[in-house]
Amino acid sequence: MSPEASPRALEQSCIDTVRFLAVDAVQKANSGHPGMPMGTAAMAHTLFTRHLRFDPGDPAWPDRDRFVLSAGHGSMLLYAFLHLTGYDLSLDDIRAFRQWGSKTPGHPEHGHTVGVETTTGPLGQGFANAVGIAVAERFLGATFNGDGPAVMDHFTYVIAGDGDMMEGVSGEAASFAGHQKLGKLIVLYDDNHISIDGSTDLAFTEDVCARFSAYEWHVQRVADGNDVDAVDAAIAAAKAETGRPSLIAVRTHIGCGSPNKQDTAGAHGAPLGPDEVRLTKEACGWPLEPAFLVPPQVKAFYEAAGARGAAAHAAWRQRHAAWCVADQSRAAAWDAAWTRVLPAGWDADLPTFKPEDGGLATRAASGKVINALAPHLPTLIGGSADLAPSNNTWIKDVPDQQAATPAGRNFHFGVREHAMAAIANGLAVHGGVRPYVATFFVFTDYMRPALRLAALMGLPVIHVLTHDSIGVGEDGPTHQPVEHLAILRATPNMTELRPADANETVEAWKVALRHDDGPVALVLTRQNLPTIDRATYAPASGVARGAYVLADTGGEAAPDIILIASGSEVQFALAAHERLSAEGVRSRVVNMASFRLFERQDAAYRETVLPAACKRRVAVEAAVSFGWQRWVGDGGEVIGLDHFGASAPAGTIFEQFGFTAENVYQRAKALVSRRQ
Ligand SMILES: Cc1ncc(C[n+]2csc(CCOP(=O)(O)OP(=O)(O)O)c2C)c(N)n1
């Protein structure tokens, strides 16, 4: 292409550059997905050069438009645009696609590669994240903008494929987005009729557009995904429609331009192969060499798009500065929200609970905590998957989050746990808000993909998970989690906390709010728990270290026995401890509220809690014993629940399955009488 080529030819050259960067990178890596970037390069080009507002020099600019590549297997599409428009991602980074230590992993990873808004690859998640991003934008705009020029006013764009559309989570999220009338959410659907097994006709024959219309979305079709002007017009119409989210079904062709692989599953997830790369370049009139070719005019064209974004950012900075001057307390709240700094006095109204006030379920204590925090933390927002009265997550005296009340802080997620967790991830990656979500603990099974991604991304989402054990009672084994604590504990970077009483619940919330680099799961009871007398036992603040010595009769000497428990079972350990102590046994109770927090303590602290010299240990937890061996060792025992629960009043189930002070006492006694 000559330097003075027509604007149309230049744009075609831009699109081909993106296509062949993907082709060459996948070929060099000998793995990856070339077909999707080849088919969507033109529509992504239209988005990046004519609509998306971004500043490659400051990828964290709060009011940038967000772009989510939900079809994360097409990662080379995103990497190509990040490189070409001027983000800190070099051609060498592209050449190192999918290699050890590279900035260009197989699927886009938030926090790893500059400009990647959220981690995608598990299909459907990015779509649902984008719904969270869009609702965060609307909430922050309604909360902060005021009457003058807006400081929060951006679009959220998504490219999603057939796989995203097949996954249920996108359906849940789309239903929520339609109800919420998220008018600044725009999804470009890569409608290429191909997935891995072959034609989508094999498994996916529904009318996606009709479905989205039924979700109350604004729906358009573009017949030719290579028609840049048609895509442009559709995006413009989608932006103009502010009352509904937009779906643009763009008919594209996977592997576009490849003589033998276009429109076949063969273009989906494997390199084209050297021969087909050559044939494709020839068919497109693209130079065979060098690979990774970026013509200078192409680079200049894309960098100009980045520069326009930088200018928009500069204008925003001016608006924002004037906005800060106009109302300094508002500006301070904005800063605190974006930096996640807890404002002075945030914990001033947190309750303390006295034993004489009677027992309280930890879910009820959590509800009081949320309401004590809410006035101090104006961007603490969240809700439940239709269980707010049971989860105790409602913030009193503030509106719910609806299209008519966009500053509302109480979310009705509906019975959509999967999307709720993914939307929460979107809220967190957007920034400026501190999200919490809630359901029954057993239904974290329905949230697991997003929980895992929150952990992988290091997102500070707080999960309020109530009805934490057989303590659920009459609802029976379907509603009684047994393996769920083990699953949380097995998940890297997931912090689980199972407080033993109301005061520990306060402390657990404090830990959660201070925890900045990963999700926290607060595992709470349905049933009342006695409030532990802190005049007799150690302070509840010990929870922050994961495990702490709650009671000890050993004095200087090592204990004869250590009883380790979490949550509702701590009361049984304490009662057994009192009996053992009265009999002259040097006993200790360790409250193990969080494996994860405890394992993060240094060895010296861990030794003070669980001295190696004491091998007689009994752990008690109304859940599978999986994982406890680590703390009790070979000489210890676990009173656990390695089977499902039962339907009966909670007290009966606890008794029948051996979760009683008596059983803990008997097992401990037997262990003490055994030689170490
Ligand atoms: C939850 C989940 N299930 C399965 C996969 C594996 N997978 C990756 S891409 C893909 C097919 C997606 O088809 P489509 O969205 O049409 O992509 P295209 O073939 O157009 O590139 C599958 C099944 C995945 N990434 N995520």
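This report describes the ligand site and the surroundings of F413 in a predicted model.

## The shell around the ligand

In this predicted model, the ligand is surrounded by 15 residues, and the closest of these are H73, G163, N192, I194 and H268. By residue class, the shell around the ligand comprises six nonpolar, seven polar and two charged residues.

## Polar contacts and burial of the ligand

Both backbone and side-chain atoms of the protein take part in the polar contacts described here. On the backbone side, a polar atom of L123 is 3.0 Å from a nitrogen atom of the ligand, while a polar backbone atom of I194, a residue also listed among the closest to the ligand, is 2.7 Å from a ligand oxygen atom. From the side chains, H268 places a polar atom 2.7 Å from an oxygen atom of the ligand. Of the 590 Å² that the ligand exposes when taken alone, the protein buries 73%.

## The setting of F413

F413 is found in the loop that runs between strand β8 (410-412) and helix α15 (417-430). Because its relative accessible area is 1%, which falls under the 20% limit, F413 counts as buried.

Leaving aside residues up to four places away in sequence, F413 touches F176, G382, G383, S384, A385, M420, I423 and V437, and M420 and I423 carry numbers that fall within the range of α15 (417-430). V222, by contrast, stands 191 residues from F413 along the chain, and the C-alpha atoms of these two residues are separated by 32 Å.

Methods:
Residues numbered from 1 in each chain as written. Predicted model: local features only at pLDDT ≥ 70, side-chain atom pairs only at ≥ 80, totals over all residues. Heavy atoms only, no water. Near = heavy atom within 4 Å. Polar contact = N/O pair within 3.5 Å; in protein donor to acceptor, adjacent residues only side chain to side chain. Areas by Shrake-Rupley, 256 points an atom, 1.4 Å probe, with all protein chains shown as cover. Nonpolar A, V, L, I, M, F, W, Y, C, P; charged D, E, K, R; others polar. Helix = DSSP H or I, 4+ residues; strand = E, 2+ residues; numbered from the N terminus. Buried < 20%, exposed > 50% of the residue type's maximum accessible area, 1.4 Å probe, protein only. Contact = heavy atoms within 4.5 Å.
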